[in-house]
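Here are a few exercises to work through with the model open on your screen. Try each one before you read its solution.

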Amino acid sequence: MPENNLPELRDIHLPDGVSPFPPAYGWGVVLLAIIALFLLLKLFFFLRAKSKKRYALYLLHNIYCNDSISSVVEMSAILRRICVFKYKEAMVLSGDKWIEFLNSKIKKPLYGKAADLLVNAPYIPENSKGYSRQDVIAIRQFCKEWIGENL
């Protein structure tokens, strides 16, 4: 007859449940990676926005003011390029509406002969003497402030 082993058997006891705290170190690494990625994306977008502004100011700085008409045409082109990027509705504006739009986006608007020069520069002959160097300097300062406030 087989031996009676039943008295030696004990009930099965399940282990205690796994506690969610303290979390494993891997979750801390994942959380830090997500925070670092978020901060890097914020930094990337900040530098990207600043680089557009720096590039536009660099282009403006490299325009020589010795020839008033061609330099004003280049400054107007820079403003148009910014509007293509940021203000889609301004791409089709011309004449007084173009100046009104530019003046609406800045604290210190452009008026007088300088505003007329900015509007009419593409249509004025290169050797025209109707505008002074001071008008070109006023347009350059206006462009610099406009880029600073809008990019």
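**Exercise 1.** Work out how the axes of helix α2 and α5 cross, and which residues make the contact.

Step 1. Find the helices: α2 covers residues 68–86, and α5 covers residues 133–150. Helices here are DSSP runs (H or I, at least four residues), numbered from the N terminus.

Step 2. Take the axes, which are lines fitted to C-alpha atoms over the stretch in contact, with angles running from 0 to 180 degrees between N-to-C directions. The two axes come within 10 Å and cross at roughly 15°.

Step 3. Angles under 35 degrees count as roughly parallel, so α2 and α5 are roughly parallel to each other. Their crossing is left-handed (the near helix is turned anticlockwise from the far one by less than a right angle).

Step 4. Now pick out the side that touches. α2 brings S68, S71, V72, M75, I78, L79, I82, C83 and K86, while α5 brings V136, I139, R140, F142, C143, W146, I147 and N150. Contact means heavy atoms within 4.5 Å.

Step 5. Sort these residues by class: 12 are nonpolar, three polar and two charged. Ala, Val, Leu, Ile, Met, Phe, Trp, Tyr, Cys and Pro count as nonpolar, Asp, Glu, Lys and Arg as charged, and the others, Gly among them, as polar.

A word on the ground rules: this is a predicted model, where local features need pLDDT of at least 70, side-chain atom pairs count only at pLDDT 80 or more, and totals for chains, interfaces and linings use all residues. Residues are numbered from 1 along each chain as its sequence is written, and side-chain values use heavy atoms, with hydrogens and water left out.

**Exercise 2.** Do the same for α2 and α3: find the angle and the contact residues.

Step 1. Helix α3 spans residues 96–104, and its axis lies 13 Å from that of α2, at an angle of about 70°.

Step 2. The range 65 to 115 degrees counts as roughly perpendicular, so that's what α2 and α3 are to each other. α2 passes α3 in a left-handed crossing.

Step 3. On the α2 side you'll find S76, L79, R80 and C83, meeting W98, F101 and L102 of α3. That makes five nonpolar, one polar and one charged residues.

**Exercise 3.** Which residues of α2 are buried, and what do they pack against?

Step 1. Buried means under 20% relative accessible area (1.4 Å probe, protein chains only). In α2 that gives S68, I69, S71, V72, M75, S76, I78, L79, I82 and C83.

Step 2. Their packing partners are α1 (25–61), α3, α4 (113–120) and α5.

Step 3. For the spacing, recall that an α-helix has 3.6 residues a turn, so residues three or four places apart point the same way.

**Exercise 4.** Is N150 buried or exposed, and what does it touch?

Step 1. N150 sits in α5, and at 4% relative accessibility it counts as buried.

Step 2. Not counting residues up to four places away in sequence, N150 touches K86, Y87 and K105.

Step 3. Follow K105, which is in the loop between α3 and α4. K105 and N150 are 45 residues apart in sequence, yet 7.3 Å apart in space, C-alpha to C-alpha.

Step 4. With a relative accessible area of 29%, K105 is partly exposed (from 20% to 50%). With the same sequence neighbours left out, K105 touches Y87, W146, E149 and N150.

Technical notes: Helices (H or I, at least four residues) and strands (E, at least two) are DSSP runs, numbered from the N terminus. Angles under 35 degrees count as roughly parallel, over 145 as roughly antiparallel, 65 to 115 as roughly perpendicular and the rest as oblique.
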